Amino acid sequence: MAIEKVFPMTQAGKDKLIQELEHLKSVKRKEVVERIKIARSFGDLSENSEYDSAKEEQAFVEGRITTLENMIRNAKIIEEGDTVSDSVTLGRSVTFVELPDGDEETYTIVGSAEADPFEGKISNDSPIAKSLLGKKVGEQVSVQTPGGEMSVRITSIK
């Protein structure tokens, strides 16, 4: 029997996934079924691009529903009390300065299920997070990125 992957996330992240799942089940699924009905009414399905498109969307929606259900079922909630430490851990925000040019960046380390770099949330599986996990304020860390190696100094952890 395969071991299920655990998805670490905050309660807010889990709530967001639940909300997306409910939307897909109650709204999107019905919209896609309606599109399929309309496309079928056009006749010959062998050359019906609307039907093919609707079926592809249905497959995507059903796949996403399955993925979300799995992530929610295997969620491990990161509690605020779990992150009381002076080192970088899952669920904490870390600010660092890139060396030598000094560009400051702040990210919250979250599970892959709720990662969103545009909101400053990076996955614990990302190269930056992997390099920072377990480190403390003041430490200089070498980070391997797809663009090459960079050095950073941690300035704060919240």
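Leaving aside neighbours within four places in sequence, which residues is A113 in contact with? In this predicted model, the partners are F7, M9, L17 and M71. That's a handy place to start looking around, since A113 leads straight into the largest nonpolar core.

That core has 17 residues, and A113 is one of the three that touch the most other members, along with M9 and L17. Where do its residues come from? β1 (7–9), α1 (11–40) and α2 (49–73) each supply at least two of them. The largest share belongs to α2, which puts in 7 residues. There's also a second core, separate from this one, with 15 residues; V88, F96, I128 and M150 are among them. As background, nonpolar side chains tend to be buried together in soluble globular proteins.

Now for the sheet. It's an open one built from 5 strands, and if you walk across it the order reads β5-β4-β3-β7-β6. The pairing is mixed. In general, strands of a sheet pair through backbone hydrogen bonds, and they can do that either parallel or antiparallel. At the edges you'll find β5 (121–123) and β6 (140–145), each of which pairs on one side only. From one strand to the next, the twist averages 45°.

Let's zoom in on the β5 edge. Its partner β4 covers residues 104–110, and the two strands run parallel, joined by 3 bridges. To pick out a residue pair here, look for I109, which stands opposite I122 in β5.

Technical notes:
Residues are numbered from 1 along each chain as its sequence is written. This is a predicted model: local features need pLDDT of at least 70, side-chain atom pairs count only at pLDDT 80 or more; totals for chains, interfaces and linings use all residues. Side-chain values use heavy atoms; hydrogens and water are left out. A nonpolar core is a set of buried Ala, Val, Leu, Ile, Met, Phe, Trp, Tyr and Cys residues joined through side-chain atoms within 4.5 Å. Buried means under 20% relative accessible area, exposed over 50%, partly exposed in between (1.4 Å probe, protein chains only). Helices (H or I, at least four residues) and strands (E, at least two) are DSSP runs, numbered from the N terminus. Contact means heavy atoms within 4.5 Å. Two strands pair if DSSP finds at least two bridges between them. Axes are lines fitted to C-alpha atoms, for helices over the stretch in contact, and angles run from 0 to 180 degrees between N-to-C directions.
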